[in-house]
Amino acid sequence: MLARFDISEFKPLTPPPAAAARLDRASLPLPEEPLPERKPADRGAPARADRPFRGIAMILASTVFLGASDVTAKYLSATLPSIEIAWLRFLVFAMIMVPAMLPGSPLYALQSDRKGLQLMRGVTLLASSLFFISGLRFLPIAEASATGFVSPLFVTALSIFFLSERVGMRRWIATAVGLIGVLIILRPGSSAFHPAAFIPIVSALAWACTLIMTRMMSGRERAITTMAYSSITGVCIVSALVPFVWVTPSWHDILFGIFIGVASTAGQWIVVLAFRYADASVLAPFQYTQLLWVSILGFMIFGEVPDAWTVTGAAFIVASGLYTAHRERVRRSQLPVEAEPSPNA
């Protein structure tokens, strides 16, 4: 909650002589010259703020939800087709977002000036989910997730062209180190290089496009609007596909499907909020931490024990993330201090 101040409590300040002299010499507009009209702030969408550490914290939180959703999806992939798992996920997603779709609801949020971009984001989000779940059927969860972590490299490259972000050499090196960690985990010649290993890479590219479009709309579209359009797009497309692969789920499967929908929706919501506070290229390396959660859950549920290669690769990944945070802190310390807008989060 923002603090409120009574401006009557403040007394006008008298400028020092040097400043007063500069003011006297300044060219002021004549009375008949109209001052530039100030445009009212757009209250339809929250403002963006440069708070990278808050964005990083949100991304770290999102990886917990998304990791739990992915592990559950792998569990269901033994009994249900990938399209049906995605259908359950997006059906729950859409049901959660129903209040934002009803015109008479106070949460109605389908007003958008970027409907085309919203629909495209929904398509890439669905594609990322479908490809990744398909890969889980053939690959261990940790290896599939590691393969999918090439998305930050895609994000860093795409953010230069689509977001006009400046990515320094040190951040490029940090991202490359994280990618080397992923390659160490995959180990050329291992089962991760099964042809199905390319499926999570396609998923990673789709996810990178989703993140780029999220950032393009951040500060212009409300988070609830982005989530509503993603749910509508996803559930409509996958509902047209699921009859061709339908397998009647058990109540056990339905409950896990509901969990996938709730966990993934929470994770996606946090991702949308995180991009109000930091650049895509800053947040990208921290999505590597999802590997930690899926490795732990993979051990608990599937008995998959990370080996020395996985631990070594994870060390590279963590090191790249920590160094990126350090470079961002140094960069911010060198910038002039300015008033920071507060997002309506």
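**Helix packing and confidence in the predicted chain**

T289 sits in the loop that joins α11 (280-283) to α12. The model is a predicted one, and this loop residue is a handy place to start looking at it. With a relative accessible area of 25%, T289 comes out as partly exposed, because the cut-off for buried is under 20%. Setting aside neighbours within four places in sequence, T289 is in contact with L60 and T63. The pairing with L60 spans a good stretch of chain: the two residues are 229 apart in sequence, yet their C-alpha atoms are 6.9 Å apart in space.

L60 and T63 turn up again in the packing of α2 (52-76) against α12 (290-302). The axes of α2 and α12 come within 8 Å and cross at roughly 35 degrees, and the crossing is right-handed. On the α2 side the contact is made by L60, T63, V64, L66, G67, A68, D70, V71, K74 and Y75, while α12 brings in Q290, W293, V294, L297, I301 and F302. Sorted by class, the residues of this contact are eleven nonpolar, three polar and two charged.

Also in α12 is S295. At 11% relative accessibility, S295 counts as buried. Leaving out neighbours within four places in sequence, its contacts are A142, E304 and P306. A142 belongs to the buried residues of α5, together with I141, E143, A144, S145, A146, T147 and G148. Helix α5 (residues 141-148) is largely enclosed by the rest of the structure, because eight of its eight residues are buried. What do the buried residues of α5 pack against? The partners are α2, α4 (115-136), α6 (151-162), α7 (169-186), α8 (198-217) and α12.

A second helix pair worth a look is α3 (residues 82-96) with α9 (residues 223-241). Here the packing angle is about 145 degrees, with the axes 8 Å apart, and the crossing is left-handed. From α3 the contact draws on I83, A86, W87, F90, L91, F93 and A94; from α9 it draws on M227, S230, S231, G234, V235, V238, S239 and L241. By class, that contact has eleven nonpolar, four polar and no charged residues.

Turning to the interior, the largest nonpolar core has 65 residues. Those with the most contacts inside the core are I59, I85, M97, V182, V271, L283 and L291. I85 can serve as an example: not counting residues up to four places away in sequence, I85 touches A73, L76, S77, L80, I133 and I260. As a rule, nonpolar side chains in soluble globular proteins tend to be buried together.

How far can all this be trusted? The chain has a mean pLDDT of 76, and 76% of its residues reach 70 or more. Over residues 1-43 the pLDDT is below 50, and this stretch has four contacts in the model beyond near neighbours in sequence. Among the elements of the chain, α3 has the highest mean pLDDT (94), whereas helix α1 (residues 17-25) has the lowest (40). Residues 336-345 also stay under 50, and for them the model has 19 contacts beyond four places in sequence. Where pLDDT is low, the predicted coordinates should not be read in detail.

Key. Residues numbered from 1 in each chain as written. Predicted model: local features only at pLDDT ≥ 70, side-chain atom pairs only at ≥ 80, totals over all residues. Heavy atoms only, no water. Core = buried A, V, L, I, M, F, W, Y, C linked by side-chain atoms within 4.5 Å. Buried < 20%, exposed > 50% of the residue type's maximum accessible area, 1.4 Å probe, protein only. Contact = heavy atoms within 4.5 Å. pLDDT = per-residue confidence, 0-100. Helix = DSSP H or I, 4+ residues; strand = E, 2+ residues; numbered from the N terminus. Axes fitted to C-alpha atoms, helices over the stretch in contact; angles between N-to-C directions. Left-handed = near helix turned anticlockwise from the far one by under 90°. Nonpolar A, V, L, I, M, F, W, Y, C, P; charged D, E, K, R; others polar.
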